[in-house]
Amino acid sequence: MWFFARDPVRDFPFELIPEPLEGGPPGPWALHRGRKKATGSLVSIFVYDVKPGAEDQTQVAKAAFKRLKTLRHPNILAYIDGLETEKCLHVVTEAVTPLGVYLKARVEAGDLKELEISWGLHQIVKALSFLVNDCSLIHNNVCMAAVFVDRAGEWKLGGLDYMYSAQGNGEGLPRKGIPGLEQYDPPESADSSGRVVKEKWSADMWRLGCLIWEVFNGSLPRAAALRNPGKIPKSLVPHYCELVGANPKVRPNPARFLQNCRAPGGFMSNRFVETNLFLEEIQIKEPAEKQKFFQELSKSLDSFPEDFCRHKVLPQLLTAFEFGNAGAVVLTPLFKVGKFLSAEEYQQKIIPVVVKMFSSTDRAMRIRLLQQMEQFIQYLDEPTVNTQIFPHVVHGFLDTNPAIREQTVKSMLLLAPKLNEANLNVELMKHFARLQAKDDQGPIRCNTTVCLGKIGSYLGASTRHRVLTSAFSRATKDPFAPSRVAGVLGFAATHNLYSMNDCAHKILPVLCGLTVDPEKSVRDQAFKAIRSFLSKLESVSEDPTQLAEVEKDVHAASSPGMGGAAASWAGWAVTGVSSLTSKLIRAHPTATPAETNVPQRPMPEGLPAPAPTPVPATPTTSGHWETQEEDKDTAEDSSAADRWDDEDWGSLEVSSRDHKSPEADWSSWEAEGSWDQGWQEQSSPERPPEGTRMASEYNWDAPEPNDKGDPFASLSARPSPQPRPDSWGEDSWEGLETESRQVKAELARKKREERRREMEAKRAEKKAAKGPMKLGARKLD
């Protein structure tokens, strides 16, 4: 019977990539990249080929194999597996890069910072402290070639070939036999008399000084070059000089060296080192300490190396959320680190956590997710949005906290393109109808109208026909002035979704009613919208063949032209943490309507200034909601970019002298896909005769030409609307006129008051006719 010997190299669970890496360890070891056969994970493989006549080197290699296998420390190269045969030695470690190669690549890329060097040296000194103080071992080979860097940028100490015990008498030290390593030996090593007084760490600390010199200045040409610090930072020079001093007795212990460098103002006293030290001990930190750490972490991430953020900070953030109950504080740094990931890595590491976060009942978690949705929405697929995210998000519409309701409305701009028909046309519309009709916060009603106008192109044709006209018409009846402006702009932004009959019979009558609105900003936008719709109707009247082209989007399933602009709308609507709505809600927490004087908006020269008009506000109207003039300083509020309804809506004002054709006017809305662009004044095909003034330019109530009063200043404010059904059906949306019911209720109240006064008068007359009653007399009725 024949027996075949098994090849141990072939059965080894790791495969070798043949080409060795440059800058590997000195001596007979060759560094290769490798991978695990079962999983494909990357590793590093140190290979030593046994050669005849090199028994001393073979013994040194085997000793290094044994040392690396038994020593375990976070700052020492991590051993994974090994293979020892008669022909070779294979040592498998974590995937690393030689320090010299790493530094060269970082310098060429311009990304090398003193922060990561300070932490790298901290790790090497900590490894030396572990060896000499805890294990009584002398490394005896500290140099650039003995240090490696993993994928997170962590420095690892290797090169354990010539290590020996510090407890011996110095006999039997391993011979290096490599000339290139002799220049790192301290001066006292040449004295064989043994009369030099030194500490057990003295030789390694000298070599640490050589390593510091090489990190900042390149390869060490000769020992005499150590006298010139070169590019070593000034904060490190005093400590470096202690390391390369001629007297070995004064060279500090590694632990003391760390303490000196960590002193205030020292080279290792910085935010990056402190962050790494906290992460190393995060498992034993108190919850309050973790909360504070994660809150401050996002401010520092921009200055940290990218690899460190991806491979060290990110795992700690995920672990803190999964097992540490860190809560919402991890979201900001988590999404900041997520920018460094590829799309595939983001799907694997971030998205599962985000989906789980949406099911949280923590309000702080939910509102931060909604505020930062723009950062991860592109990585979410439609099934995930409809089945795992949207059912949790819609609960925000019913939340008692106005800030959550507001952020939930804003998030629909990003979620709408990914929602299915049932969620978009049925579930979402039901919540929008309730918010617009019954929400006690005026800004939220306004933003609901804004959002509806922006997502209108994604709605089905039947839903658009049933909802849009009625919803925007309802908005024009809102007592909150910006909501009425939003209704007008909603009609404008969705102008291509209405038939000519709807424009003439449903939209224009509503807009005409706003021409006598108490707020001038509403009147201005109403006049502009009326002129645009009239121009559109006139163009079709002049050329009926344009009707099909004008109404091409009315019955379409969706409007790709407008839908393609969703990204720009979303970027405008959800940027920033605090919006104007949140500011108004915080400033006016009560939901009870109150009559207050609206601050006067600045008027251009030559126009009449309106008198103060009291209007109900829910909450009180603010000057931020007023239409902004073109020459207003945009730096007045640092959070202007975060607002929904002030700067962007106000920019719609354009001088009436700028005339464009109707086609150019509507195309400007379609091209930009945003409500931020101004309405252009419509011009009829023929210019009116010289001296003709528009109706809005007449001062109708003025007895004298020089009277500057505003004809609309005396108009009363609109009454607060009554609660409406939570449905956007035909019946609930067609009954928009509530004035008649309010008038009837007022008449009934007056009748009751008059009846009460009549009864009181009769009782008084009856009592006066009888006169005062006599003492002891009995009342006979």
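A salt bridge is a side-chain nitrogen of Lys or Arg within 4 Å of a carboxyl oxygen of Asp or Glu. In this predicted model, local features need pLDDT of at least 70, side-chain atom pairs count only at pLDDT 80 or more, and totals for chains, interfaces and linings use all residues. Residues are numbered from 1 along each chain as its sequence is written, and side-chain values use heavy atoms, with hydrogens and water left out.

**Exercise 1. Salt bridges**

Task: Find how many salt bridges the structure holds, and state which residues are linked with E753 in a network of salt bridges.

Solution.
Step 1. The structure holds 28 salt bridges.
Step 2. E753 is linked with R756, R757 and E760 in a network of such bridges.
Step 3. As background, side chains of opposite charge can pair when their charged atoms come close.

**Exercise 2. The whole protein**

Task: Describe the protein by its secondary structure, its buried share, its contacts and its accessible surface.

Solution.
Step 1. The protein has 31 helices and 14 strands. Helices (H or I, at least four residues) and strands (E, at least two) are DSSP runs, numbered from the N terminus.
Step 2. Of the 781 residues, 49% are buried. Buried means under 20% relative accessible area, exposed over 50%, and partly exposed in between (1.4 Å probe, protein chains only).
Step 3. Among contacts with a separation of 6 or more, 68% join residues 24 or more positions apart. A contact means heavy atoms within 4.5 Å.
Step 4. The accessible surface comes to about 39000 Å², and carbon and sulfur atoms hold 53% of that surface. Accessible areas come from the Shrake-Rupley method with a 1.4 Å probe; for residues, only the protein chains shown count as cover.

**Exercise 3. Helix α21**

Task: Check the span of helix α21 (residues 481-493) against the value expected at 1.5 Å a residue, and state how many of the residues of α21 are buried.

Solution.
Step 1. The expected span of a helix is 1.5 Å times one less than its number of residues.
Step 2. Helix α21 has 13 residues, so its span should be 18 Å.
Step 3. The end C-alpha atoms of α21 are 18 Å apart, which agrees.
Step 4. The helix is mostly covered, with 13 of its 13 residues buried.

**Exercise 4. Three bridges compared with their surroundings**

Task: For the pairs E116 and R106, E199 and K249, and E549 and K552, give the N to O distance and the surroundings.

Solution.
Step 1. E116 and R106 form a salt bridge at 2.7 Å, N to O. E116 lies in helix α4 (residues 114-134) and R106 in helix α3 (residues 99-109), so the pair ties together parts that are 10 residues apart in sequence. E116 is buried at a relative accessible area of 6%, and R106 is buried at 14%.
Step 2. Leaving out residues up to four places away in sequence, R106 touches D111, L112, E116 and P305.
Step 3. E199 and K249 meet at 2.8 Å, N to O. This pair links distant parts of the chain, 50 residues apart: E199 is in the loop between α5 (179-182) and α6 (202-217), and K249 is in the loop between α7 (237-243) and α8 (254-261). E199 is partly exposed at 25% relative accessible area, and K249 is partly exposed at 41%.
Step 4. In the bridge of E549 with K552, the closest N and O atoms are 3.2 Å apart. E549 is partly exposed, with a relative accessible area of 49%.

**Exercise 5. D204 and N140**

Task: Locate D204, list what D204 touches, and describe N140.

Solution.
Step 1. D204 is in helix α6 and counts as buried at 5% relative accessibility.
Step 2. Not counting residues up to four places away in sequence, D204 touches L128, I138, H139, N140 and V142.
Step 3. N140 lies in the loop between β7 and β8 (147-150). N140 has a positive phi near 70 degrees and is a residue other than glycine. N140 is buried, with a relative accessible area of 8%.

**Exercise 6. A hairpin**

Task: State how strands β2 and β3 pair, and which residue between the strands takes a positive phi.

Solution.
Step 1. Two strands pair if DSSP finds at least two bridges between them.
Step 2. Strand β2 (residues 30-36) and strand β3 (residues 42-49) pair in the antiparallel sense over 6 bridges.
Step 3. R33 stands opposite S44 in β3.
Step 4. The hairpin has 5 residues between the strands, and G40 takes a positive phi near 80 degrees.
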